[in-house]
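Here are a few exercises to work through with the model open beside you. Try each task yourself before you read the solution.

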Amino acid sequence: MSALLELVCPAGTPASLHGAVENGADAVYLGFRDETNARNFPGLNFSRPELEDGLLFAHDRGCQVFLAVNTFPEAGNPGPWHKAIDDAAALGVDCVILADIGLLNYAATHHPDLRRHLSVQASASNPDSINFYVDAFGVKRVVLPRVLSIPEIADLNKQIAVETEVFVFGGLCVMAEGRCQLSSYATGQSPNINGVCSPASHVRYEEDAGNMVSKLGDFTINAFGEGEPAGYPTLCKGRFVTAGKASYLFEEPTSLNAASMLPELAKAGVTALKIEGRQRGRAYVSQVVAAFRRAADAVEAGEAVPELGLENITEGQAKTSGAFNKSWR
Amino acid sequence: MSAKLTPKLTPKLTLGPVLFNWKPEVWRDFYFRIADEADVDTVYVGEAVCSKRAPFYEPYIADVVERLLGAGKEVVLTTLALIMNSREMKALRETAEDSELMVEANDVSACALLAGRPHVIGPYVNVYNEGTLKYFTDQGAVRVCLPVELGRDAIKALKASTSVNNDVALEVQVFGRLPLAVSARCYHARSHMLHKDSCQFVCDRDPDGMELDTLNDEPFLVVNGIQTMSHSYQNLSAELAEMQTLGITHFRLSPHTADMVAVANIYRGVLDGTLSPDQADTQLADLIGEVSFSNGYYYGAKGVDFVAA
């Protein structure tokens, strides 16, 4: 079925895949269990046999499966990335989501019939970049960086001949994706190379004079008073001091929730809505997918977006519309 | 390793673009002095960070370029790392189409616009491996300044891959704060409770970036408008010799308010063998004051680390 707004949902594990499919995902996206994908966390992702099972389960229920191979292959070691693409083609995934130009070139050359989407990690934020990926590598869809407002997305869609997909729920990168080295500066582990940001292996919590201090590598990322819940020290969601003042300078520990903007996004020409959260469990994924299924169906029927009741699961119980309305402009 | 001996080429010192919002006259006089006094081979000129700054010093660009060319420098026009609106897109297209000078691409859109003629690819474009390097070389890139998080192992692999087709030079930033991230959001404005569109150009108060400390007062990063940089200064003086044997030919100094003529002389001294890396580090420390050095990325460690060579 071709939905007005296609719902692209996270599947960090086979259980989450089942949850997403059963709750109305039009497509799920997932990665292999290694550094070829940008959510390379312990306990997540798919082996080849798990992917085969997942493909059967999803395809039987009319749901597509996208494979993210969206890190940047290590110099001198392209093997794992090329094999991920080869296996994706052999197993019959519906598309691969890629960021690296060398890898896009490999996929377009060796598997021209395997549909290619451009990952958000490519940070293609303007028509000339996007048209380059379309012309050079036959990319069929671009996942837009989380830096664009809705008018900017509408304007962009007029200048490109390719589908666009935007993030509507979940974690929010505030830096241009794929162009942020903050994690590797503090920990040596990077999203681009290792597929991890602010990895748990480098996180510590320490008591200090009644405060709970969260650290990433050797750096204090935040401190919490008694009774205050100690959040995870994602570097760009930390509290730092500039000009003598402590603040969440880069971003408050909030989640993106653009549910109320779905009608505007549809009007702006967006094809697909992406839900972030491959590191989330089945219950979370099921709840969010079901809620956005209701929202997307309402938009398709020309009705108002219903209350989704997701307040209990947004990070820090705070939500933001991110760049979509550029409130920080 | 099937080592092919790379002929040792004459190393080139390059001066990256000024990344900070310096007063226009300061900006102009900086480049005039570089033209007259600095022992660098190549100078990058133009705006990589924020398009709102460019109009202020644009009236001086022609004079600066002329002075640099007159002094025998190679001049490369640099371009924005993040292109967010039609005004920036238009400016980029004009630079790419009209420039008689070599242009440095810092976004994939610029790579596309410059394809088919010689150009440089800057550190904001993700060239992480031989596949991407070959693609851009085939498109006409003659030099690539590597992303800051690539180190020795990546350099070896990239250089090995170009031994057959040796027409692309590799450049590495060896001095100055590391550009770590760009964002659509301006953190200088945000820190001063201003909106980006009415930022009052507060970034001009911090000519080497605004210090960002942790809650326990440890220096960590600096903010430069939409850009976030390391607090530490990259310093690869001790790695210059090895990088030359690995085939790196261009060594980038990123401008700061520290005396960049002196900085260039120090790195030239190390390249020429008239100065030891230890002597260089002592002299550099005097120039930059109470700031740490880092070189961790080169060794595959944390970027912030300073690893003994």
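A residue counts as buried if 20 or more other C-beta atoms lie within 10 Å of its own, exposed if 12 or fewer, and partly exposed in between, with C-beta atoms placed from the backbone. Helices (H or I, at least four residues) and strands (E, at least two) are DSSP runs, numbered from the N terminus. You're looking at a predicted model, where local features need pLDDT of at least 70 and side-chain atom pairs count only at pLDDT 80 or more, while totals for chains, interfaces and linings use all residues. Residues are numbered from 1 along each chain as its sequence is written, and chains are lettered from A and ligands numbered from 1 in the order in which they are written.

**Exercise 1. Find the buried residues of helix 2 of chain A and say which side they are on.**

Step 1: Get the helix. Helix 2 of chain A runs over residues 48-60 and reaches 18 Å from its first C-alpha to its last, close to the 18 Å expected. (The expected span is 1.5 Å times one less than the number of residues.)

Step 2: Pick out the buried ones: Leu51(A), Gly54(A), Leu55(A) and Ala58(A). They cover an arc of only 105 degrees around the axis, so they sit on the same side of helix 2 of chain A. The arc is that of the directions from the helix axis to the C-beta atoms.

Step 3: Recall the rule. An α-helix has 3.6 residues a turn, so residues three or four places apart point the same way.

Step 4: Flip to the face turned away, where Pro49(A), Leu56(A) and Asp60(A) are exposed.

Step 5: See what covers the buried side: helix 1 (14-22), strand 2 (27-30), strand 3 (64-69) and helix 3 (79-91) of chain A are among the elements.

**Exercise 2. Do the same for helix 3 of chain B.**

Step 1: This helix covers residues 86-98, and its end C-alpha atoms are 18 Å apart, which agrees with the expected span.

Step 2: Here Glu88(B), Met89(B), Leu92(B) and Ala96(B) are buried. Their arc is only 100 degrees, which puts them on the same side of helix 3 of chain B.

Step 3: On the other side, the exposed residues include Arg87(B), Lys90(B) and Glu94(B).

Step 4: The cover includes helix 5 (127-137) of chain A, plus strand 4 (102-105) and helix 4 (108-114) of chain B.

**Exercise 3. What share of chain A is buried?**

Solution: Buried residues make up 55% of its 329 residues.

Conventions:
Two residues are in contact if their C-beta atoms, placed from the backbone, lie within 7 Å.
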